[in-house]
Every structure is written in structure tokens, then in C-alpha cells.
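Thanks for coming. Please have a look at the sequence and the model on the screen before I start.

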Amino acid sequence: DYTYVSDIVDGVLRSIDRTYAYEIINLGKGKGTTLNEFIGLVERYVGRKANVRVLEEQMGDVPFTNADVSKAERLLGYESRVTFEEGIRRTVGWFNETFGE
């Protein structure tokens with residue numbers, strides 16, 4: 001799933017200096033987002049309509065992904081804090097500030 005970078009950094013920092021010998025822990029938002037939702041939010045915050053070409057599914061396409069963050073919640077107290085929409089808004093703001101509109 002789409003996860004804002006500060007949430008991933010928070011999860012990584014929470015994993016440092018833990019007493020676990022070895023663990024594999026998923027970090028993510030824990031909520032799926034469709035490609036159409038993604039495109040719609042980018043359009044809204046960029047202020048332009050996307051030029052979308054719908055193609056047939058490609059081999060290896062995954063119709064839905066959703067990180068299981070239950071282990072991170074339990075072992076690290078991890079919780080994604082930045083909503084998907086807020087992450088898009090921040091990213092567009094950063095891009096415009098860095099590269100100009």
C-alpha cells in the first residue's frame with residue numbers, strides 16, 4: 001500500500017535497539033488504496049487532469065495490496081499516522097516547492 005515516508009522512518013526508528021534476535025516486520029499504511037483513488041487525489045492536488053490510458057492487465061500486475069502491519073503494531077507500537085490524502089498533499093507541496101509549479 002502507499003505509505004508516507006515519515007511513517008516508514010518512524011517504524012524503522014522504533015525497531016532499533018529491540019531485544020528481538022531476528023524478526024521480519026512489515027511497515028506500511030495497512031489500508032489499501034485503488035489506483036483510481038491515487039490518480040484522483042493527484043489530479044486534485046496538482047490541479048490538472050491526468051492523461052490516463054487504460055490497458056489490459058499485464059503479467060505480474062497485482063490487483064490489490066495491503067500491508068499487514070499487525071506485528072509492527074504489537075511489537076513496536078507502530079501506527080501509520082499520515083493519511084493517504086495528506087501524503088499526496090505533502091508530496092505535491094514538496095515537489096512544487098523544490099521544482100516550481
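I will go through the core, then a few polar contacts, then the aromatic rings, and finish with the salt bridges. One thing to say first is that this is a predicted model.

Let's begin with the core. In soluble globular proteins, nonpolar side chains tend to be buried together. Which residues make up the largest nonpolar core here? There are six: Ala67, Val69, Ala72, Leu75, Leu76 and Tyr78. Look at Tyr78 for a moment. Setting aside neighbours within four places in sequence, Tyr78 is in contact with a list of residues that includes Thr3, Asp7, Asp10, Gly11 and Arg14. Also on that list are Leu27, Gly28, Val69, Ala72 and Glu73.

Leu75, a member of that core, brings us to another tyrosine. Tyr20 sits in the loop between helix H1, residues 5-15, and helix H2, residues 35-46. Along the chain, Tyr20 and Leu75 are 55 residues apart, while their C-alpha atoms are separated by 9.5 Å. The side chain of Tyr20 reaches the backbone oxygen of Leu75 at 3.0 Å. Tyr20 has a relative accessibility of 31%, so it counts as partly exposed.

Now back to Asp7, one of the contacts of Tyr78. Asp7 lies in helix H1. What is the nearest side chain of opposite charge to Asp7, and how far away is it? That side chain is Arg81, at 5.8 Å. A salt bridge needs a nitrogen and an oxygen within 4 Å. Asp7 is buried and has no salt bridge. What the side chain of Asp7 does reach is the backbone nitrogen of Arg81, at 3.0 Å. Not counting residues up to four places away in sequence, Asp7 touches Tyr78, Glu79, Ser80, Arg81 and Val82.

A similar kind of contact to a backbone nitrogen involves Thr83. Thr83 is in the loop between helix H3, residues 70-76, and helix H4. Its side chain reaches the backbone nitrogen of Glu86 at 3.0 Å. Thr83 counts as partly exposed because its relative accessibility is 49%. Thr83 and Lys29 are 54 residues apart in sequence, and 8.1 Å apart in space from C-alpha to C-alpha.

Next, the rings. A pair of aromatic rings is described by the distance of the centres and the angle of the planes. How many aromatic pairs are there? The count comes to five. One of them is the pair of Phe38 and Phe84, with 6.1 Å from centre to centre and 40 degrees between the planes, which is a tilted pair. Phe38 lies in helix H2 and Phe84 in helix H4, residues 84-99, so this pair ties together parts that are 46 residues apart in sequence. Buried or exposed? Phe84 counts as buried at 13% relative accessibility, and Phe38 counts as partly exposed at 26%.

For Trp94 and Phe99, the ring centres are 5.8 Å apart and the planes are at 85 degrees, so that pair is edge-to-face. Trp94 is partly exposed at 48% relative accessibility, whereas Phe99, with a relative accessible area of 56%, is exposed. Phe38 and Phe84 also belong to a cluster linked by ring pairs, together with Tyr2.

Last topic: charges. Side chains of opposite charge can pair when their charged atoms come close. How many salt bridges does the model have? The count is seven, and I will show three of them.

The first example is Asp10 with Arg14, at 2.9 Å from N to O. Both residues lie in helix H1, four residues apart, which is about one turn of the helix. Asp10 is partly exposed at 23%, and Arg14 is partly exposed at 24%.

The next example is Arg44 with Glu85, at 2.7 Å from N to O. This pair links distant parts of the chain, with Arg44 in helix H2 and Glu85 in helix H4, 41 residues apart. Arg44 is exposed, with a relative accessible area of 53%, and Glu85 is partly exposed, with 31%.

The final example is Glu86 with Arg89, at 2.6 Å from N to O. They are three residues apart in helix H4, so about one helical turn separates them. Glu86 is partly exposed at 22%, and Arg89 is partly exposed at 38%. Salt bridges that share partners join Glu86, Arg89 and Arg90 into one network. Glu86 is also the residue whose backbone nitrogen is reached by the side chain of Thr83.

Technical notes
Residues are numbered from 1 along each chain as its sequence is written. This is a predicted model: local features need pLDDT of at least 70, side-chain atom pairs count only at pLDDT 80 or more; totals for chains, interfaces and linings use all residues. Side-chain values use heavy atoms; hydrogens and water are left out. A nonpolar core is a set of buried Ala, Val, Leu, Ile, Met, Phe, Trp, Tyr and Cys residues joined through side-chain atoms within 4.5 Å. Buried means under 20% relative accessible area, exposed over 50%, partly exposed in between (1.4 Å probe, protein chains only). Contact means heavy atoms within 4.5 Å. Helices (H or I, at least four residues) and strands (E, at least two) are DSSP runs, numbered from the N terminus. A polar contact is a pair of N or O atoms within 3.5 Å; within protein, one must be able to donate a hydrogen and the other to accept it, and residues adjacent in sequence count only if both atoms are side-chain atoms. Rings of Phe, Tyr and Trp (its six-membered ring) pair if their centres lie within 6.5 Å; planes under 30 degrees apart count as stacked, over 60 as edge-to-face and the rest as tilted. Lys and Arg count as positive and Asp and Glu as negative; His and the chain ends are not counted.
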